[in-house]
Amino acid sequence: MEEATDEERAHEKTGLEDFVDDADLERVTTLIEDRSRRLLARAAKRRRKDEELNDLLFRTCIISEREHQAKEEWRWKAKPPPTTRVLLELLTFFFSFPSSQLAADTMSRKYSPPMETAADGSRRRPALLLLCPKTSILSAPFPSLLWLVGSPRFLQPVTVAAALRCLRCLPDDGPFSPNLPHEADEIRGLLVRGFDIVGALLVGSANFEADAGRALELARALRERLFGEKASHDMVGGCVDAATGDIRFLISESIGSEVVEGHEVVWEDEPERLLLEKGCLLRCQLPLQLPLYLPLDDNSGTEARFSSLIEFTAANLRGPHASYLVEGPTATSEELHHSVILHDNDLNYLSCLPINQNTNEHSTRIVYCSEFFSTKRRDLSLMSENADAIQITVLSNQSFNSSKAGSPIPVLKYFPASANLRVINLKLDILCYTSIDLPVAAAVSELVIPGFCDQLSVMKKAIVSELLTKQPQLCPYHFVPPGLRIPLTAIYDTRYEEIEEKQSELRRNLHFRLGLPLDRPLLRTSNALTFGGMIGRDKNLSKNGSSILRDVHKEIPSSGVLGGIMSLIDGSYEYYHYLHDGIDDNGWGCAYRSLQTIMSWYRLQQYSSINVLSHREIQQVLVDIGDKDPSFVGSREWIGAIELSFVLDKLLGVSCRIINVRSGDELPEKCREIAIHFETQGTPVMIGGGVLAYTLLGVDYNEVSGDCAFLILDPHYTGPNDLKKIVNGGWCAWKKSVDSKGRSFFLKDKFYNLLLPQRPNMV
């Protein structure tokens, strides 16, 4: 391909910045026209007109300073128009968009239109791309209303990343009439900045023509309440047929534009890749102590004074006294730590642009979010326990002096003596999602600061009713629960323990809204995202500091059952075996080890915060409940399924089912019953027979042939925590009742007890 000459490159890099402040429109027009011609010629040769013209838009957006709402969105055509048409459209674009929005949009997204142009010039009907799991939409109760969440600034148009159920409806008006003020208040605290409302679906609708338009109107109204302005991006309104699950939808590009019916719903196979390949997280924490002065004898204006204090605090987040320290995720020994400090003038997009150094006004180059991540860490999943995020710290410069003299100016603050001082303690903690191609100054200005304002608004409404009594102790937590692709924020009142009804009710409502199961504690504080290598020590290490292997069955080969259906443990567990933790229990401790593995499952699934007990602690529990004599503590006596059920009930409140089998030969007859347990409860099972005990992690069962295999985790292993050695040695493996050589794994002359712990019904 033909490259640009040195003369062309030199010509493209000159001129524009030198006369930005006193631009002559005719000179600017001539320069833009000349650059447009050159860029279009090179783009035609390289087939990269989008990237070249996007760069032109960004470099020339400084001529626009009119900050008003955009009325139409620039979209590239299938073929480059004549140069004069490009010039007119560029100028129209510049003078109809606010510069801040223009810079953000130009740098953060490619303008791939949802309604493409066909070869004959007609417009193809758009497709709806869904990144959320099918169950989040198709399993919603009907009739019901779903709010569709996307990221129109950073993802391609008409892309849905999550679906939130509407919980607040107007009395006597049905599920299709939401209480928008209440919905907006709750979703404002839940939604991470960078994500937006992009539409709504009515589940169980019988009238597509009327209801799809209604859903579109509701989505627009909710979005306007959330962000205080009408949406300028594509919005979706649709219906889900309750019988077939078919989705039909309408799309409107902007207010007042033509509404068209979509033709296809696409469920993305790799949603995490689309979200994370070009996206990243930003996190900022800000503890505040706000002084609120109230008259001693008059509380009538308390709410107004508190509102003014919150508004004043929000306004100070953007000003000469606030600076922002931006740092990358915790660096390893092989990585350099990157950081930058942004001041008030840096948060204006115009200051992000390179200015001629002769003016001595601003010479800092643009810093992009991508520069804070190494290549090997950029694609880490948000689903991990330890999330990578750009860390932002708010710095307060109280000594800033805006006077030209430059000398310090005394600051006088008046504190009324006849007033009651109440200190409002707030702990702000926000998470934002952005493109890695966005300038970090733009991310702070357009995402972080508005995110703080949202969280202040949410906390103000929660605190104001109890301002004169014992004020709530609010603390935000961030989650990516299973089944969701995007992070969400929940604000809990830490005055209440997690097991108290008030907290449980709040989590239950969140489970309803997010479509999460009501028997899994997925939104407890111990499940919150951690950042920068702060995973708790006890999640990886045992009491003496030795490592614990987790989920070892994921590395084993298939069972060999033809046409079988596998039913497996649901969740993570730790592998406890003989000699672990330096305790010599060889020959007597296999049931203790199975119990430890079962207890680790309940802890890792957040049903319990109790650490895994030692052998002696297990024995002490059995003595405390009266099952054993005091001499049992410290002994090497065996325990079985019955004793395990006593310990689980006493410590965790877990009930258990016990299946009795008279002979090892009869165990395959219980495969169907065991499979149902794993599909409904998902807990590990203890098998005790004769003098041996095992942990059962799943079954593979062919109902037609009766062939089956048992996934056994063997606690009799005495070696080091070497996964390869454990798998190759068959210490975690599929076992058939009788193998291909006629050998029986389960003994014919021994009876067996199967302990099936039940999953607690709690959130």
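Modeller: Accessible areas here come from the Shrake-Rupley method with a 1.4 Å probe, and for residues only the protein chains shown count as cover. This is a predicted model, in which local features need pLDDT of at least 70 and side-chain atom pairs count only at pLDDT 80 or more, while totals for chains, interfaces and linings use all residues. Residues are numbered from 1 along each chain as its sequence is written, and side-chain values use heavy atoms, with hydrogens and water left out.

Colleague: Thanks! What share of the area that the protein exposes do carbon and sulfur atoms supply?

Modeller: The protein exposes about 36,500 Å². Of that area, carbon and sulfur atoms supply 50%.

Colleague: And what percentage of the 763 residues is buried?

Modeller: A residue is buried under 20% relative accessible area, exposed over 50% and partly exposed in between (1.4 Å probe, protein chains only). On that scale, buried residues among the 763 make up 50%.

Colleague: How many helices and strands does the secondary structure come to?

Modeller: Helices (H or I, at least four residues) and strands (E, at least two) are DSSP runs, numbered from the N terminus. For this protein the tally is 18 helices and 25 strands.

Colleague: What part of the contacts with a separation of 6 or more comes from residues 24 or more positions apart?

Modeller: A contact means heavy atoms within 4.5 Å. Among contacts with a separation of 6 or more, residues 24 or more positions apart account for 70%.

Colleague: Let's turn to a sheet. Which strands stand at the edges of the five-strand open sheet, each with a single partner strand?

Modeller: Two strands pair if DSSP finds at least two bridges between them. The five strands follow the order S12-S11-S14-S10-S15, with mixed pairing. Each edge strand has a single partner, so one side of each is left without a neighbour in the sheet; the edges are S12 (339-342) and S15 (419-435).

Colleague: What is the average twist from one strand to the next?

Modeller: Axes are lines fitted to C-alpha atoms, for helices over the stretch in contact, and angles run from 0 to 180 degrees between N-to-C directions. From each strand of this sheet to the next, the twist averages 20°.

Colleague: Which residue in S12 stands opposite Leu325?

Modeller: S11 (residues 322-327) and S12 are paired antiparallel over four bridges. Facing Leu325 in S12 is Ile341.

Colleague: What angle does the direction of H12 make with that of S15?

Modeller: H12 packs on the sheet and touches S10, S11, S12, S14 (390-396) and S15. Its direction and that of S15 make about 135°.

Colleague: Why is S6 largely enclosed by the rest of the structure?

Modeller: In a regular strand the side chains alternate between the two faces of the sheet. Here both faces are covered, with Met235, Gly237 and Cys239 buried on one side and Val236, Gly238 and Val240 on the other. S6 (residues 235-240) is largely enclosed because its buried residues number six of the six.

Colleague: What is the bridge partner of Leu201 in S6?

Modeller: S5 (residues 196-203) pairs with S6 in the parallel sense over five bridges. Within S6, Leu201 has as its bridge partner Gly238.

Colleague: How many of the ten residues of S22 are buried?

Modeller: S22 (residues 692-701) has antiparallel links to S19 (residues 565-568) by four bridges and to S21 (residues 685-689) by five. S22 is mostly covered, and its buried residues number nine.

Colleague: Which residue takes a positive phi in the hairpin of S22 and S23?

Modeller: S22 and S23 (residues 708-713) are antiparallel, with six bridges, and Val699 stands opposite Phe710. Six residues lie between the strands of this hairpin, and the one with a positive phi, near 80°, is Gly706.

Colleague: Is Gln471 buried or exposed?

Modeller: Gln471 sits in the loop between H12 (440-463) and S16 (474-479). Leaving out residues up to four places away in sequence, Gln471 touches Val423, Ile424, Asn425, Ile463, Glu466 and Arg495. With a relative accessibility of 9%, Gln471 is buried.

Colleague: Last one: what is the relative accessible area of Ile658?

Modeller: Ile658 belongs to S20 (residues 656-661), and together with Ile625, Ile642 and Phe646 makes a nonpolar surface patch of about 290 Å². Patches are made of residues with over 30% relative accessible area and no salt bridge (a side-chain nitrogen of Lys or Arg within 4 Å of a carboxyl oxygen of Asp or Glu); like charges are joined within 9 Å and nonpolar side chains (Val, Leu, Ile, Met, Phe, Trp, Tyr) within 5 Å. Ile658 counts as partly exposed because its relative accessible area is 31%.
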